[in-house]
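Work through the exercises below with the sequence and the 3D structure at hand. Each task is followed by a solution in steps.

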Amino acid sequence: MTSDTEVITRTGKIRIHDEAGFEGMRKAGRVVAECLDMIIPYVVPDVTTESVDKLIYEFVMDNGASSATIGYHGYRHASCISVNHVVCHGIPSERRFKNGDIANIDVTVVVDGWHGDSSRMYGLGDVKRKAERLMDVTYESLMAGIATVKPSARVGDIGGAISAVAARNRVSVVDMFCGHGLGQVFHDEPNVVHSAKAGTGPVLEPGMFFTIEPMLNLGKKDCGVLSDGWTATTRDRSLSAQFEHSLAVTENGVEIFTLSPTGQHTPHNPDLGAKIPIPGQ
Ligand code: MF3
Ligand code: CO
Ligand code: CO
């Protein structure tokens with residue numbers, strides 16, 4: 001690529017950001033959160049996933065942002081839409097949502113060079129109890145992971161908390177994809193392994209930015225990637241769910257950059273988001 005803008009790459013170390021970084025991340029996180037709110041009425045049966053992606057693209061462009069995923073290793077869409085047994089990186093297409101589907105919608109934007117990355121689960125019409133339960137448990141696991149984040153905790157504490165929620169509910173934790181540092185780089189250090197053991201991994205310090213994005217399966221944890229090179233599915237075709245936030249370690253604990261400004265944290269179950277406390281709030 002020919003550009004006179006600085007190319008910022010992975011350093012192998014976890015970056016510590018200053019107040020300007022926090023300001024940048026708040027703006028980027030807010031655009032993503034508003035976007036995931038905006039699509040709620042459109043994620044309904046008979047709508048194609050590519051038409052929701054188009055709404056996302058237009059929202060991003062209209063809000064002073066750009067899409068981090070368009071052009072990312074050849075990816076061509078403003079979102080990943082992962083339905084039922086698709087674990088992540090589902091490609092928007094002519095496929096129509098149908099009654100009973102569960103879908104993860106994942107959006108990453110760039111505002112003034114800073115990345116906001118978040119995803120939520122959306123339930124389509126009459127969702128089966130076991131699918132509803134998987135989505136609830138996945139959200140609970142994300143919040144339990146976030147609640148461990150504070151200075152001097154370890155990165156592995158996050159995965160330890162997620163794994164405990166999953167084990168208690170007899171669902172599995174995907175280990176093929178991780179949360180990641182982000183900031184001016186989309187995928188940076190550290191790797192946040194959702195199945196990690198508490199007490200392991202790098203020590204957290206104020207100013208570190210990363211995502212937590214657990215994927216939980218009703219069946220086994222094993223995944224494969226389709227021949228399109230992107231779509232990851234469960235090998236046993238069991239249902240999979242995921243939630244993702246972008247956040248920072250602060251002096252006191254954690255700041256989540258991608259909270260829904262309207263409290264619609266769990267579109268599949270509007271009451272659940274209000275019931276589960278939000279760390280750092
Ligand atoms: N948003 C995803 C993440 O959470 C990455 C998507 S990359 C894409 O890290 F190219 F598939 F869009
Ligand atoms: Co991410
Ligand atoms: Co994402």
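**Exercise 1.** Which side chain is joined to that of serine 240 by a polar contact?

Solution. The model is a predicted one.
Step 1: find serine 240 in strand S13, which covers residues 240–242.
Step 2: look at its side chain; a polar contact of 2.7 Å joins this side chain to that of asparagine 217.
Step 3: check the surroundings. Serine 240 touches residues beyond four places away in sequence, among them Asn84, His85, Val86, Met121 and Thr234, and Asn217 is also in that list.
Step 4: judge the exposure. The relative accessible area of serine 240 is 2%. The cut-off for buried is under 20%, so serine 240 counts as buried.

**Exercise 2.** Describe the coordination of the cobalt ion (ligand 2) and decide what kind of arrangement its donors form.

Solution.
Step 1: list the donors. Asp117 (OD), His180 (NE2), Glu213 (OE) and Glu244 (OE) coordinate the cobalt ion (ligand 2) at 2.0 to 2.2 Å.
Step 2: place these residues along the chain; their spacing is D-x62-H-x32-E-x30-E.
Step 3: examine the angles. Six donor atoms subtend angles of 51 to 160 degrees around the cobalt ion (ligand 2), and the arrangement is therefore irregular.
Step 4: ask what the site connects. Aspartate 117 belongs to strand S5 (residues 114–123), while glutamate 213 sits in the loop between strand S9 (209–212) and strand S10 (215–217); the pair therefore ties together parts that are 96 residues apart in sequence.
Step 5: note that aspartate 117 and glutamate 213 are both buried.

**Exercise 3.** Repeat the analysis for the cobalt ion (ligand 3), and find which residue bridges it to the cobalt ion (ligand 2).

Solution.
Step 1: list the donors. The cobalt ion (ligand 3) is held at 2.1 to 2.3 Å by Asp106, which appears twice with OD, by Asp117 (OD) and by Glu244 (OE).
Step 2: read the spacing of the donors along the chain, D-x10-D-x126-E.
Step 3: examine the angles. The six donor atoms of the cobalt ion (ligand 3) give angles of 58 to 169 degrees, and the site is irregular.
Step 4: locate two of the donors. Aspartate 106 is in strand S4 (residues 102–111) and aspartate 117 in strand S5, with their positions 11 residues apart in sequence.
Step 5: identify the bridge. Aspartate 117 coordinates both cobalt ions, which are 3.3 Å apart.
Step 6: check exposure; aspartate 106 and aspartate 117 are buried.

**Exercise 4.** Which residues come nearest to ligand 1, and how much of its accessible area does the protein cover?

Solution.
Step 1: of the 14 residues around ligand 1, the nearest are Asp106, His180, His187, Glu213 and Glu244.
Step 2: inspect the nitrogen contacts. A polar side-chain atom of aspartate 106 is 3.1 Å from a nitrogen atom of ligand 1. An N or O atom in the side chain of threonine 108 also lies 3.1 Å from a nitrogen atom of ligand 1.
Step 3: inspect the oxygen contact. The side chain of aspartate 117 has an N or O atom 3.1 Å from an oxygen atom of ligand 1.
Step 4: turn to the cover. On its own, ligand 1 has 340 Å² of accessible area, and the protein covers 97% of this.

**Exercise 5.** Against which elements do the buried residues of helix H4 pack?

Solution.
Step 1: pick out the buried residues of helix H4 (residues 155–168), including Val155, Ile158, Ile162 and Val165.
Step 2: follow their contacts, which lead to helix H3 (129–147), strand S6 (172–173), strand S8 (188–192), S9 and S10.
Step 3: continue just past H4, where arginine 170 has a positive phi of about 55 degrees.

How values were computed. Residues numbered from 1 in each chain as written. Chains lettered and ligands numbered in written order. Predicted model: local features only at pLDDT ≥ 70, side-chain atom pairs only at ≥ 80, totals over all residues. Heavy atoms only, no water. Donors = N, O, S within 2.8 Å, 3.2 Å for Na, K, Ca; no water. Tetrahedral: all angles 85-135°; square planar, octahedral: opposite > 155°, others 65-115°. Helix = DSSP H or I, 4+ residues; strand = E, 2+ residues; numbered from the N terminus. Buried < 20%, exposed > 50% of the residue type's maximum accessible area, 1.4 Å probe, protein only. Near = heavy atom within 4 Å. Polar contact = N/O pair within 3.5 Å; in protein donor to acceptor, adjacent residues only side chain to side chain. Areas by Shrake-Rupley, 256 points an atom, 1.4 Å probe, with all protein chains shown as cover. Contact = heavy atoms within 4.5 Å.
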